[in-house]
Amino acid sequence: MSVLEFIRETLKKRKMHFTLIDPAKQEPERAGRLAKELEEIGTDAIMVGGSTNITTELMDKTIIEMKRNSHLPVIIFPNGVQSISRYADAIYFMSMLNSGDRDFIIGNQARGAPLIKKLGIETISMGYIVVEPGMTVGRVGKALLVRRDDKESAVGYALAAQFFGMSLVYLEAGSGAPEPVPPEMVNAVKMNISIPLIVGGGIRDRMSACKILDSGADIIVTGTLVERFSDYRERLGGIISCIRGRGNVEEHP
Ligand code: 1GP
């Protein structure tokens with residue numbers, strides 16, 4: 001089963017949680033141990049990537065350790081050609097739809113596509129929309145940030161992703177954002193699209209996760225939680241229990 005099929009099949013039964021691990025923020029061995037722990041806690045997949053200091057060697061070593069320690073699907077969350085690793089299960093073939101820099105919309109993608117083809121990595125097409133405050137990814141990607149009160153623009157970008165034939169839409173507040181994307185915006189986007197909606201950035205506890213899920217997110221992503229909170233096991237457990245308590249629940253093996 002491809003990673004996209006796994007996502008689609010799981011979403012027929014329940015919502016999902018993905019964990020973002022930035023390979024530049026810890027040694028590959030720690031990333032491997034984290035993957036094992038995250039699998040035990042119940043995350044559904046690991047996204048690997050970051051906005052700065054990413055090299056192919058670091059991606060390779062980190063993903064090898066994750067695959068050695070867990071059965072979780074590993075999806076590359078790329079910031080450029082240097083993020084492409086032959087060891088991943090899939091790569092988001094993503095476009096930052098509201099970037100002001102063509103490299104982030106189509107340039108890096110065109111440069112990386114031949115290598116992805118050569119390595120035979122599964123591609124999952126995704127429209128990526130950066131909402132205020134956007135944090136590092138907003139700055140690096142020169143995002144023309146969607147204002148937090150501008151639901152119409154978010155809906156427009158998300159629908160454009162769907163009409164382009166993309167498989168997923170990602171609403172991003174930026175890693176480390178003080179608050180997640182507003183629930184009203186999540187809801188407006190969800191009401192208008194029929195492809196799965198991922199929401200990430202600033203989700204740190206059960207209450208904010210539940211709010212985003214109830215507003216219509218199909219998949220929520222957390223990253224900073226594992227990096228900066230010593231009680232991340234309890235926090236993640238709470239977030240995942242919210243996911244398991246929503247929708248057509250079926251226990252994940
Ligand atoms: C970043 O949405 C992810 O791309 C995760 O954000 O680090 O704030 O959880 P946090």
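How many residues surround the ligand, and which are the closest? In this predicted model, 15 residues surround the ligand, and the closest are Glu 172, Ser 175, Gly 176, Gly 223 and Thr 224. The views below begin at this site and then turn to the aromatic residues, the loops and the spacing of selected residues.

**View 1. The ligand sits in the largest pocket.** The shell around the ligand draws on strands β6 and β8 (219–222), each of which supplies at least two residues. Taken alone, the ligand exposes 310 Å², and the protein buries 98% of that area. The closest residues, as given above, are Glu 172, Ser 175, Gly 176, Gly 223 and Thr 224.

**View 2. Side chains of Tyr 170, Glu 172 and Ser 175 approach oxygen atoms of the ligand.** For Glu 172, a polar side-chain atom lies 2.3 Å from a ligand oxygen. The side chain of Ser 175 places an N or O atom 2.6 Å from an oxygen atom of the ligand. For Tyr 170, the corresponding separation between a side-chain N or O atom and a ligand oxygen is 2.9 Å. Glu 172 and Ser 175 also appear among the closest residues of the shell.

**View 3. Phe 77, Tyr 92, Tyr 128 and Tyr 170 form one aromatic cluster.** Four aromatic pairs are found in a search of the whole structure. One of them joins Phe 77 and Tyr 170 in a stacked arrangement, with 5.5 Å from centre to centre and 15° between the planes. This pair links distant parts of the chain: Phe 77 belongs to the loop between β3 (74–76) and β4 (90–96), whereas Tyr 170 belongs to strand β6 (residues 168–172), 93 residues apart. Phe 77 is buried, because its relative accessible area is 9% and the limit for a buried residue is under 20%. Tyr 170 has a relative accessibility of 1% and likewise counts as buried.

**View 4. Tyr 128 and Tyr 170 meet edge-to-face.** The ring centres of this pair are 5.1 Å apart, and the planes make an angle of 80°. Tyr 128 lies in strand β5 (residues 122–130) and Tyr 170 in strand β6, so the pair ties together parts of the chain that are 42 residues apart in sequence. Both Tyr 128 and Tyr 170 are buried. Tyr 170 thus takes part in the aromatic cluster, and its side chain also has an N or O atom 2.9 Å from a ligand oxygen.

**View 5. Ser 99 contacts the backbone of Asp 101 and of Gly 141.** Ser 99 is located in the loop between β4 and α4 (102–119). A polar atom of the Ser 99 side chain lies 2.9 Å from the backbone nitrogen of Asp 101. The side chain of Ser 99 also reaches the backbone oxygen of Gly 141, at 2.6 Å. With a relative accessibility of 5%, Ser 99 counts as buried.

**View 6. A cis peptide bond joins Glu 132 to Pro 133.** The omega angle of this bond is near 5°. Pro 133 has its place in the loop between β5 and α5 (135–140).

**View 7. Asn 53 and Lys 142 have positive phi values.** Neither of these positions is a glycine: phi is near 60° at Asn 53 and near 50° at Lys 142. Asn 53 lies in the loop between β2 (45–48) and α3 (56–69). Lys 142 is found in the loop between α5 and α6 (151–163). Are these residues buried or exposed? Asn 53 is exposed, because its relative accessible area is 65% and the class requires over 50%. Lys 142, at 48% relative accessibility, counts as partly exposed.

**View 8. Two residue pairs show the spacing between distant sequence positions.** Lys 67 and Glu 234 are 167 residues apart in sequence, and their C-alpha atoms are 24 Å apart in space. Lys 67 belongs to helix α3 and is partly exposed, with a relative accessible area of 30%. In the other pair, Ser 99 and Ser 215 are 116 residues apart along the chain, and 25 Å separates their C-alpha atoms.

Methods. Residues are numbered from 1 along each chain as its sequence is written. This is a predicted model: local features need pLDDT of at least 70, side-chain atom pairs count only at pLDDT 80 or more; totals for chains, interfaces and linings use all residues. Side-chain values use heavy atoms; hydrogens and water are left out. Rings of Phe, Tyr and Trp (its six-membered ring) pair if their centres lie within 6.5 Å; planes under 30 degrees apart count as stacked, over 60 as edge-to-face and the rest as tilted. Helices (H or I, at least four residues) and strands (E, at least two) are DSSP runs, numbered from the N terminus. Buried means under 20% relative accessible area, exposed over 50%, partly exposed in between (1.4 Å probe, protein chains only). A residue is near a molecule or strand if one of its heavy atoms lies within 4 Å of it. A polar contact is a pair of N or O atoms within 3.5 Å; within protein, one must be able to donate a hydrogen and the other to accept it, and residues adjacent in sequence count only if both atoms are side-chain atoms. Accessible areas come from the Shrake-Rupley method with a 1.4 Å probe; for residues, only the protein chains shown count as cover. On a 1 Å grid over the protein atoms alone, a cavity is a set of points where a 1.4 Å probe fits but cannot get out, and a pocket is an open set with protein on both sides within 12 Å along at least five of seven lines; lining residues have an atom within 4 Å of a point. A molecule sits in a cavity or pocket if more than half of its atoms lie within 2 Å of its grid points.
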